[in-house]
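Here is my note on the structure you asked about, set out as numbered points so that you can check each one against the view. Please keep the sequence open beside it while you read.

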Amino acid sequence: MKNPWMKRGPWLAPLALCVLLGSACGNTQTSEEPGPGQTGTDLPSEGGGGGDQPFQASDCAAGNAAALEDLGDDLPEGTGKPVTTMSILNVGGTGSYQRVTNMLPGVWGQPCPSNACQKAETPVSGPLAPFNEEMTVNFRGPMELYDIAVYQPAASAWNRVSSWNRCGSTNLTFFNNLGGGNVSGEWTVCGGNSQSYASADGKKAAVAPTRFNGSLANRTELNILSDKACVGTGDSSECGFYRGVTRHGWGGAKIFAIRARMPRYTEPKTQYYDDVPAIWMLNARVVRTAQYGCNCRGMGSPGGCGELDVAEVLHGENPLYATSTIYSFEGATGSGPNYFQRPVKESATFIVIFDASGKIQMLRLAANAFNFGDTVPNSTVSEWLARTGLKMSLP
């Protein structure tokens, strides 16, 4: 049931709205003046993206009110079955995947050598493996993002360790796959584009970590990592081999919370990735080398170092279905005819729990069902884990 008092209105002050929503909007001061060669929308955050560089209060109010605005009802269609809970069981195990240890750049005008993508066997074991390793979250438009938070367990609650909304961000950096061109990241003959810092709209590379504005256009992709730099070089660095620019991801048990809307793309569809928004998660090693190229992900089943498609609209006959699939060294499984309802008119909150027991729990909640606060009580996480819906299992 919607709360009519949460509809957008000019009477709701920015500060009051932030308090009501419980989001990370505490600091609403205006941003600093742009320096030489910078624009007001592409200011890099201090400290490599981890400094709290908030948007103006008016941006906070507009973005968060829009997240709760009633634009109509999203109704299921077709023959599939909409669900609000998906459980993936038996996630971990003992096995291995091929990590990338080096990539040869190649020489312009010459074919790439057969050993351009160099890999080594990486043994893994544990109830959550390989999803206990550092991960990144990926987004593809059309999408309106309002809140992102990452939580990790402590004694009596799960603490928020990273966050972003249209007010600002803490310990979170946005990337895309447009490295090279003397901006950020690199391009090589054999490796193609590496990661780069993303511009405010995600469409271009940026020279430094830059605040995302919240609107992701059709076919535009972003991914997030923390703001903690990877110390060392080559395969022996803290993050393993990487190209260009990167950061640490989030390892161990973790919760990702994302509030978003996936509006329909109304222009003529001329490419495969038109009107197929998605939220998916990868082992951070994938994006550190080449998200679409030389990486540890593997193809199909078995799926190597791990991928979880949380809510992916596929090209085809069901543009309102957001399906889910998991890939790891153990194999792959998906939601089949079951799906999360695509949040077109009503934004939704997606909760993804990587539990140390070896279970992944995915929830689709109403937009105002979670406040993105500093902590999540253990009792709340236990209740989320106890919910039943579609059950999937790896071998």
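1. Does Arg 166 count as buried or exposed? At 11% relative accessibility, Arg 166 counts as buried, because that value falls under the 20% limit used for burial. Please bear in mind throughout that this is a predicted model.

2. The partner of Arg 166 is worth finding next. The side chains of Arg 166 and Glu 144 meet in a salt bridge, with 2.7 Å from N to O. Arg 166 sits in the loop between strand S7 (157–165) and strand S8 (169–170), while Glu 144 belongs to strand S6 (residues 143–153), so the pair ties together parts that are 22 residues apart in sequence. Glu 144 is buried as well, with a relative accessible area of 18%.

3. How many salt bridges does the structure hold? There are 12 salt bridges in the structure, and as general background, side chains of opposite charge can pair when their charged atoms come close. Another of these pairs joins Glu 221 to Arg 140, where the closest N and O atoms are 3.3 Å apart. This pair links distant parts of the chain, since Glu 221 lies in strand S15 (residues 221–225) and Arg 140 in strand S5, 81 residues apart. Both ends are buried, for Glu 221 has a relative accessible area of 17% and Arg 140 has one of 4%.

4. A further salt bridge brings together the side chains of Arg 243 and Glu 186, at 2.9 Å from N to O. Arg 243 is found in the loop between S15 and strand S16 (254–261), and Glu 186 in the loop between strand S9 (173–176) and strand S10 (187–188), so the pair ties together parts that are 57 residues apart in sequence. The two ends differ in burial: Arg 243 counts as buried at 3% relative accessibility, whereas Glu 186, at 29%, counts as partly exposed. Salt bridges may also join up into a network, as they do for Arg 264, Asp 275 and Arg 342.

5. Turning to the aromatic side chains, a search of the whole structure finds 14 aromatic pairs. One of them is formed by Phe 131 and Phe 354, which are stacked, with 6.2 Å from centre to centre and 25° between the planes. Phe 131 lies in the loop between strand S4 (117–126) and strand S5 (135–140), and Phe 354 in strand S22 (residues 348–355), so the pair ties together parts that are 223 residues apart in sequence. Phe 131 counts as buried at 1% relative accessibility, and Phe 354 counts as buried at 0%.

6. For contrast, look at Tyr 272 and Tyr 273, whose ring centres are 5.1 Å apart and whose planes stand at 80°, so this pair is edge-to-face. Tyr 273 counts as partly exposed, at 40% relative accessibility.

7. What surrounds the stacked pair also deserves a comment. Ring pairs link Phe 131 and Phe 354 with Trp 250 and Phe 256 into a cluster. In addition, Lys 254 lies over the face of Phe 354, at 5.4 Å from the ring centre.

8. Which residues lie nearest the centre of the largest pocket? They are Tyr 273, Tyr 292, Arg 297, Glu 307 and Glu 312, out of the 25 residues that line this pocket. Strand S17 (278–283) and strand S18 (307–312) are the elements that give two or more residues to the lining, and the largest share, three residues, comes from S18. By class, the lining has 10 nonpolar, eight polar and seven charged residues, and the space in the pocket comes to about 550 Å³.

9. Finally, consider the enclosed spaces, since a search of the whole structure finds three cavities of 30 Å³ or more. The second largest cavity has a volume of about 40 Å³, and Arg 99, Val 100, Phe 241, Arg 285, Thr 289 and Cys 296 line it. Strand S3 (93–103) and helix H3 (284–289) are the elements that give two or more residues to this lining. By class, the lining of the second largest cavity has three nonpolar, one polar and two charged residues.

Methods: Residues numbered from 1 in each chain as written. Predicted model: local features only at pLDDT ≥ 70, side-chain atom pairs only at ≥ 80, totals over all residues. Heavy atoms only, no water. Phe/Tyr/Trp six-rings, centres within 6.5 Å; stacked < 30°, edge-to-face > 60°. Helix = DSSP H or I, 4+ residues; strand = E, 2+ residues; numbered from the N terminus. Buried < 20%, exposed > 50% of the residue type's maximum accessible area, 1.4 Å probe, protein only. Lys NZ or Arg CZ within 6 Å of the ring centre and 35° of its normal. 1 Å grid on protein atoms, 1.4 Å probe; cavity = no way out; pocket = protein on both sides within 12 Å on 5 of 7 lines; lining within 4 Å. Points joined across faces, edges and corners; volume = space filled by probe spheres on them. Nonpolar A, V, L, I, M, F, W, Y, C, P; charged D, E, K, R; others polar. Salt bridge = Lys/Arg side-chain N within 4 Å of Asp/Glu carboxyl O.
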